[in-house]
Amino acid sequence: VVNALGESGLAEAGMEPPKVLLIGYSGANNTGAEALLQADIEDLRAVLGDDALLTVPAAKDPENLRRYLHEGPSLRIVPMPSIFLSATRRLVRDHDLIVLVEGSAYMDTWTSALLWYFLWATRCAHREGKPCLAYAVDAGQLRPRNQRLVRRWASTTDLIVTRSEAAARTGWEAGTTGRTRPGTPRSCSLQPSRVTGRRSPGGAV
């Protein structure tokens with residue numbers, strides 16, 4: 001697990017660049033969502049450096065995602081099957097940091113399956129001892145069963161950065177106990193200690 005604090009810390013410690021898994025509903029040809037994904041990538045690059053290996057699973061068509069992201073030595077796109085359990089677990093095991101980048105992360109407006117995908121990635125990260133961050137996400141109304149799942153597994157996330165104060169309140173009202181901070185991709189800049197650190201016994205990252 002990466003403990004160094006950002007690009008300079010990695011270099012000083014002689015560590016390899018971190019491998020980061022970006023979990024979201026990517027590849028659906030949603031221009032707004034892919035633009036937010038690009039902003040998230042820029043923010044992560046600013047903290048972890050250009051050499052950090054970012055992996056973006058395409059929940060829909062990978063070719064759609066390649067319209068917005070250009071693969072290279074430090075960025076790769078991988079397909080995500082509709083039965084996502086095993087594939088997600090393998091990807092989590094292969095990465096140092098898991099980041100939820102889906103705006104509508106904690107809601108089931110369209111389908112519960114997407115919510116379960118995001119929570120499964122969070123659960124896998126928790127079980128594997130990998131740091132997990134939800135970045136620039138939203139929270140909304142949930143069915144009772146899904147509210148219980150969010151309360152259980154979102155609370156294991158090391159840091160949740162919501163899009164707004166209202167989204168943070170919704171998460172708290174749902175019973176989420178993980179560290180939550182209102183903000184936006186631009187107004188709430190990532191800090192290396194929050195990105196790569198583990199939660200201390202007191203709950204801080």
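Student: What makes strand β1 (residues 19–23) and β4 a pair?

Tutor: Two strands pair if DSSP finds at least two bridges between them. β1 and β4 have four bridges and run in the parallel sense, so they meet the rule. At one point along the pair, Val 20 stands opposite Leu 97 in β4.

Student: What kind of model is this, and how are its residues numbered?

Tutor: It is a predicted model, in which local features need pLDDT of at least 70 and side-chain atom pairs count only at pLDDT 80 or more, while totals for chains, interfaces and linings use all residues. Residues are numbered from 1 along each chain as its sequence is written, and side-chain values use heavy atoms, with hydrogens and water left out.

Student: How do you know that β4 also pairs with strand β5 (residues 132–137)?

Tutor: Three bridges join β4 to β5, and the two run parallel. Val 99 stands opposite Leu 133 in β5, and Ile 98 stands opposite Cys 132 in β5.

Student: Why is the crossover from β4 to β5 called right-handed?

Tutor: The term applies if, with the strands pointing away from the viewer, the path from the first strand over the helix to the second runs clockwise. Here the chain leaves β4, passes through α5 and reaches β5, and this β-α-β crossover is right-handed. Helices (H or I, at least four residues) and strands (E, at least two) are DSSP runs, numbered from the N terminus.

Student: What makes β3 (75–79) and β7 (180–182) edge strands?

Tutor: Take the order of the sheet to begin with. The sheet is open, with seven strands in the order β3-β2-β1-β4-β5-β6-β7 and parallel pairing. β3 and β7 each have a single partner strand, so one side of each is left without a neighbour in the sheet. Neighbouring strands of this sheet are turned by 20° against each other on average, direction ignored.

Student: Why can both faces of strand β4 (residues 97–100) be called covered?

Tutor: In a regular strand the side chains alternate between the two faces of the sheet. Leu 97 and Val 99 lie on one side of β4, Ile 98 and Leu 100 on the other, and all of them are buried. The cut-offs for relative accessible area are under 20% for buried, over 50% for exposed, and in between for partly exposed (1.4 Å probe, protein chains only).

Student: Is Ala 136 buried or exposed, and what is unusual about its phi?

Tutor: Ala 136 has 6% relative accessibility, so it counts as buried. This residue is found in strand β5. Its phi is positive, about 60°, although Ala 136 is not a glycine. Most residues other than glycine have a negative phi.

Student: Where is Asn 29, and what is its phi?

Tutor: Asn 29 is in the loop between β1 and α2. Its phi is near 65°, again a positive value in a residue other than glycine. Asn 29 has a relative accessible area of 35%, so it is partly exposed.

Student: Why is Gly 129 called partly exposed?

Tutor: Its relative accessible area is 28%, which falls between the two cut-offs. Gly 129 sits in the loop between α5 and β5. Gly 129 and Asp 96 are 33 residues apart in sequence, with 9.5 Å between them in space, C-alpha to C-alpha.

Student: What makes an empty space a pocket or a cavity?

Tutor: On a 1 Å grid over the protein atoms alone, a cavity is a set of points where a 1.4 Å probe fits but cannot get out, whereas a pocket is an open set with protein on both sides within 12 Å along at least five of seven lines; lining residues have an atom within 4 Å of a point. The largest pocket has a volume of about 230 Å³. Of its 17 lining residues, the closest to the centre are Tyr 25, Glu 102, Ser 104, Trp 110 and Leu 114. α2 (31–48) and α5 (112–128) are the elements that give two or more residues to this lining, and the largest share, three residues, comes from α5.

Student: How many cavities are there, and what lines the second largest?

Tutor: There are three cavities of 30 Å³ or more. The second largest cavity has a volume of about 70 Å³, and its lining includes Gly 24, Ala 33, Val 101 and Arg 163.

Notes: Grid points are joined across faces, edges and corners, and a volume is the space filled by probe spheres set on the points. Axes are lines fitted to C-alpha atoms, for helices over the stretch in contact, and angles run from 0 to 180 degrees between N-to-C directions.
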